[in-house]
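Q: Could you take a close look at one part of this model for me, the loops and what surrounds the ligand? I work with force fields and docking, so please keep the numbers in.

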Amino acid sequence: MPTLFSRIAAGEIPATIVARTSDCFAIEDINPQAPVHVLIVPLKEIPSVNSLTAEDESLVGKMVLLAREIAAQRGLQEGGYRLVFNCGPDAGQTVDHLHLHLLGGRSFGWPPG
Ligand code: AMP
């Protein structure tokens with residue numbers, strides 16, 4: 001079964017796609033937790049950070065660089081932003097397809113809840 005995010009990438013489930021590259025795409029989060037909340041998702045179905053292998057090294061780098069590019073487009077460079085990989089139940093991961101959260105446009109607390 002394709003994952004939710006693969007179905008979005010295939011156009012089977014509607015979403016606001018804000019970027020596409022040969023390896024990744026980015027969508028607006030359906031339940032935003034900040035004025036900017038974008039998910040950067042690899043086309044490859046990797047369940048979580050736990051499943052990454054050395055083969056995925058450059059893919060993860062590309063995800064971070066795409067997040068940085070979108071952050072710059074949204075004017076977040078100076079004020080800052082947060083990048084988050086939730087991994088597993090204790091971190092609140094709900095979609096088992098690797099994704100990087102880009103959050104910005106407000107200040108965040110630390111430690112996170
Ligand atoms: P996580 O909890 O780290 O697995 O993050 C999953 C994220 O996917 C959550 O922030 C959800 O709001 C978001 N999400 C779930 N379904 C959709 C959807 N159909 N379109 C966009 N974002 C979604």
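A: Happy to, starting with a contact inside one loop: a polar atom in the side chain of Ser-48 lies 3.0 Å from the backbone nitrogen of Asn-50. That is a polar contact, a pair of N or O atoms within 3.5 Å; within protein, one must be able to donate a hydrogen and the other to accept it, and residues adjacent in sequence count only if both atoms are side-chain atoms. Please keep in mind that this is a predicted model, where local features need pLDDT of at least 70 and side-chain atom pairs pLDDT 80 or more, while totals for chains, interfaces and linings use all residues. Residues are numbered from 1 along each chain as its sequence is written, and side-chain values use heavy atoms, leaving out hydrogens and water.

Ser-48 belongs to the loop between S3 and H2, and Asn-50 lies in the loop between S3 and H2 as well. Helices (H or I, at least four residues) and strands (E, at least two) are DSSP runs numbered from the N terminus. Ser-48 counts as buried because its relative accessible area is 9%, whereas Asn-50 counts as exposed because its relative accessibility is 66%. The cut-offs are under 20% for buried and over 50% for exposed, with partly exposed in between (1.4 Å probe, protein chains only). Leu-52 is in the loop between strand S3 (36-42) and helix H2 (57-73), and its 28% relative accessibility is why Leu-52 is called partly exposed.

Two C-alpha separations help to place this loop. Asn-50 and Ala-34 are 16 residues apart along the chain, with 26 Å between their C-alpha atoms. For Leu-52 and Ala-71, 19 residues apart in sequence, the C-alpha to C-alpha distance is 24 Å.

Next comes the loop between strand S4 (81-84) and strand S5 (100-104), which holds His-97. His-97 has a relative accessible area of 1%, so it is buried. Its side chain reaches the backbone oxygen of Pro-42 at 2.8 Å. Gln-93 is also found in the loop between S4 and S5, and Gln-93 counts as buried because its relative accessibility is 13%. The C-alpha atom of Gln-93 is 16 Å from that of Arg-82, which is 11 residues away along the chain.

Now to the ligand. There are 16 residues around it, and Asp-29, Asn-86, Gly-92, Thr-94 and His-101 come nearest; to be near, a residue needs a heavy atom within 4 Å. Oxygen atoms of the ligand pair with a polar side-chain atom of Asn-86 at 2.9 Å, with a polar backbone atom of Thr-94 at 2.7 Å, and with a polar side-chain atom of His-101 at 2.8 Å. On its own the ligand has 500 Å² of accessible area (Shrake-Rupley, 1.4 Å probe), and the protein covers 85% of that.

What does the shell around the ligand consist of? Its residues divide into seven nonpolar, seven polar and two charged, with Asp, Glu, Lys and Arg as charged, Ala, Val, Leu, Ile, Met, Phe, Trp, Tyr, Cys and Pro as nonpolar, and the others, Gly among them, as polar. Helix H1 (4-9) and strand S2 (24-28) each supply at least two shell residues, and H1 has the largest share with three.

One backbone detail for your setup: the peptide bond from Trp-110 to Pro-111 is cis, with omega near 0 degrees. Most peptide bonds are trans. Pro-111 is located in the segment after S5.
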